[in-house]
Structures are given as structure tokens and as C-alpha cells.
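Me: I have a model open and would like to learn how to read its strands and loops. Could you walk me through a few features?

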Amino acid sequence: MWAKRTPVGKEDVAKLVDDIYRKMQVSGATELASKGQGVSDSSNVKIKGEVEDTFQPDVKVRCPCGSSLESDNIIRCEDPTCQVWQHIGCVIIPEKPTEGNPALPDFFCCELCRLKRADPFWLTIANPLYPVKLAIANIPTDGDSYPTFCSTNPMQSVEKTFQLTRADKELLAKQEYDVQAWCMLLNDKVPFRMQWPQYADLQVNGVPVRAINRPGSQLLGTNGRDDGPIITPCTKDGINKITLTGCDARFFCFGVRIVKRRTVQQILNMIPKENDGECFEDALSRVRRCVGGGTATDNGDSDSDLEVVADYFGVNLRCPMSGSRMKVAGRFKPCVHMGCFDLEVFVELNQRSRKASYNITWQCPICLKNYSLEHVIIDPYFNRITSKMRNCGEDITEIEVKPDGSWRAKAKSENERRELGDLAVWHTPDSTLCESGSVEDKPTAEISKQIKLEGPSEGHTGLKLGIKKNQNGYWHFSKPEDMNTSSASRLQDRVRHEQKLIPMSSSATGSGKDGEDPSVNQDAGGTYDFTSNGIELDS
């Protein structure tokens, strides 16, 4: 009397279970199932693919504490592809317990969004184990089990299981896919990096896995980064057990993800085009500020001080990382200095440093500040110059830049000037050739025309010389009040061919003090040999 049904084999059943499980992994699917939604309704849930590129508007609370309960004290991830909510008390942690509730950050990212920015060479495909918070355990009584350090810091541990389906294992059979374990410090001052606790001990299915390449007692510095170990060889079909222990008083979260490797070219393709990263006017303003040294208030009523301002400055176009002339000038957008680096060299070195024992990826090689890939842009000012110079010899690595942004290639001899052709002629800031006679060099004999009488000013736009006129009408040198008494001002009339050179490397002006931006030529101050049209003025 019953209608005949088609028999279902074990493989079909296993595939059906795998599909349903994968669909329920999407946040919100489990909640729908608990409310009585049938299995047939799960077909309306999107299967997760590339997690970072999938917009999930229905995601609610996903907190490392494991609770999905909503409360008044929650904060949302600002990433438009994520926007999950998390408990403030779980993710916003003060540096010291006695500081009370810290201020909320202006821009907040959850752990998964921080993770994808920490190492863009890995693309997150799935998260078999979502972020979980390490729990503080009892201090071990056996002194031989852990170093003496653990007697003063609590031992933290987490033990979880994650499942790899048959479809996952088929994916992992491809060379570019892997399973990665990762860990982050929740209140890390460098948000976009991985960091493991001290004396980290990681095991997958009972197999020890090395988590860090530094000594267990060594703290990770500001310029250091940990990596996420690949645990694919230790995994199996079905349920996998993973444990992490460490002796650390700080708060960490831990997870497992399936990743796909990105190539250098794929990373380069993610960087905005020249016109999309920054407008040319902003780049030109930065160059004018760095080269011109800022502004100073003129005082026409005073002639007690002389200020000498150079007509142009030498700028080195060598990449600070490779030493060769830059092909594509890259920079981090938040940096205030005008120094750049070769974009392709920078990305390649970042890929290599991920495998090194001391990982310092996505750090500006000029000011040494930490950023992420999304801050990398192509400098529209210097990239136009390097594009113009692409066909000239590799030994031509310097240009001369005027305070208004005009530039030309620096020629060391008359023969070299002829070989450079139009490159040795002044160009406007947008790299178009100047009209003949519109920009000319002033002869050395007319050095007096470049010296303007000016009163004391707060800005350092040039070199202040202590020169005063006595009662007889003769000029004599004196010691300025703000100058070290051990060094007297002197004016040398020997001709030199070297101009003030602004390198694309570390600062020549920074003092190394905490809080100071060690960027190139911030105030146009410092102790250089300052020349103007061949006349050297130093103090």
C-alpha cells in the first residue's frame, strides 16, 4: 500500500549530512533550526565561500566568549562585509586592570577582520573554529612541567574540536589550500598581526606543533609579528581535537581557518591604481611642505638676521629596501613624510619575511610605523617621475626638486646632461616639460638675490646665520642665542656641486625620542651641509 521509495546509499547520506552541516555553519542557521525550521528551509541559507568577500547582514552577536546573548554593552565591527556585534567587556580590554573601562576605539574590527588584514597573503575560505577566548587555569604545581616564569603568570588554556568535512579534505588536497591555526592578543597595540602567548604549546590530535619562532620567554616587540602555523598534515576527516596552553597574563583569542595562498601579483592587483589611492594635489602639497620646510612669518622691519633658502634640493629615488631606482613608487597613505619605496620589491620582501624568524611585514621602511595592506597606495607625484625615467640608465637615481614641486633629473656632467635630454630640463610638478626659459637657474654670482632679510621666525625654513652690522657699518659674525656656544657661524666661499640630498630612507632629522615622527625632512631642520647654488652655508 505504501509508495515505493528510492533507496539511498551511505555515500548519499554522508553527502547530505555534510551539506546540511556546512549550511548550518553560516551564522544564524543554527538559530533558525532551533526555532523549528525544517531541513528544507536550510536551502535558503547561503553556503559560505570566501568569507571576507561575503556580506552577511543577518549576523548578530559573535563574541570570543562563546555567548550569543545580546546586551546593552556591545560594539559592532566596522568592516562593511562583517558588522558582527561583540561584548565590549570581552574585546575592549584595558592595558592595566586598574585603569577601569577604556575608551572605545574610533575604528573597531573584530578578530576575523583583523586577521585578514594581518597577513593578506592568506585568503580565508572557511572558519572550522571561530575565535575562542583562552581561559585562565590553575598554576601547575609541577615545576618541571613549565618554566619558572609560569609561577608568576597564570597558565591559560583552551581545548576545542573542529570538523573537516569530506569536501574540505578534497579542497585541501590542492596545493594552494591549507588549514591554519592562529592566535591574537585582544588588546594589541598593533591590531593587524598575529601574536601567541608566552610559552605557547600547541597540539593537534595529540601531535605537537611549533607555534612561534621566538623563545617562549621573549615578548613580541612593536615591530615583530608571529605567524600562524599550518596544521594540515595533523588533521583528519571528521572531528579534530586542538589544544593550546601558555603562561601569560594577557588576554588572547584563538581559532582555526581554511586558507588559500595568494601570489605577489594578486596582492599587487589589490592595491589601488595611481588615481584611486590619492589625488595628485595632496601628494604635491606633501612634497612642497617637506621640501619647502613649512612657512615662516616675514618681518620686513628687521634686518638683524639672514635666512638663506636653497633654490632646489636633491632627492634620491633609490628604494630604501633594494637600493635600486624605484619603478613604481609606493607609500603608506597615513605617512606624513614624502619618502617612497619600490612597490613590487616591498610586496616581495613582505612575502619572504613571513617565513623569517622575525616577521616585520607591512611596516613602513622609512618611518617604521605599522600599517596594513589597505593603507598601501601609489604615490602620484613620484610615480609620474619614475615613469618618465624608466628608459634612462639605472645609475641616474637623483632628481632636483624646487620648493614648488618642479623637478629635473640631476646630471653630474655636461655629457650626462646631454644624454638625459629632456629629463635634465625642468618639469612642472605634474611632470610635463616646462616651456623654454620659464624656469632658469640663477648664476652663483647672484647669490645675494636668494638671501632675504627676515626677522626671527618660529618655523625653520632655512639656516639662520648670526650676522649683524656694527656701528661702522661693517658686518660681523655673532653667536645666535639658540645656537650651541661650541659652534660659531661661518660662511665659506668654496664652491661645491652637491645639493642638499633628501633620501628615500630613514630620517635625517629625527632625534629618536618617543612620540616623535622620524620621517624624512619634517621640519627642514637638522644638521646637514646646507648649500645654495654652490655656496656652502653650514654651522
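Me: Which way do the residues of strand β12 point, and are they buried or exposed?

Reply: Happy to help, and keep in mind that this model is predicted. In β12 (residues 313-316), Phe313 and Val315 point one way, while Gly314 and Asn316 point the other way. All of them are buried.

Me: How do strands of a sheet pair?

Reply: Strands of a sheet pair through backbone hydrogen bonds, in either a parallel or an antiparallel manner. Here, β12 is joined by four bridges to β16 (residues 398-401), and the two run antiparallel. Within that pairing, Gly314 has Glu400 of β16 as its bridge partner.

Me: In what order do the five strands of the open sheet come?

Reply: The order is β4-β5-β9-β7-β8, with antiparallel pairing. At the edges are β4 (135-136) and β8 (207-209), each of which pairs on one side only. Elsewhere in the order, β7 (residues 201-204) and β9 (residues 238-247) are joined by four bridges and run antiparallel. Asp201, for example, stands opposite Thr245 in β9.

Me: Now a loop: where does Ala424 lie, and is Ala424 buried or exposed?

Reply: Ala424 lies in the loop between α11 (414-420) and β18 (451-453). The cut-off for buried is under 20% relative accessible area, and Ala424 has 4%, so Ala424 counts as buried.

Me: Which residues is Ala424 in contact with, leaving aside neighbours within four places in sequence?

Reply: Those are Arg408, Ala409 and Arg417. You can also look at Trp407, 17 residues apart from Ala424 along the chain: their C-alpha atoms are separated by 8.9 Å.

Notes. Residues are numbered from 1 along each chain as its sequence is written. This is a predicted model: local features need pLDDT of at least 70, side-chain atom pairs count only at pLDDT 80 or more; totals for chains, interfaces and linings use all residues. Side-chain values use heavy atoms; hydrogens and water are left out. Buried means under 20% relative accessible area, exposed over 50%, partly exposed in between (1.4 Å probe, protein chains only). Contact means heavy atoms within 4.5 Å. Two strands pair if DSSP finds at least two bridges between them.
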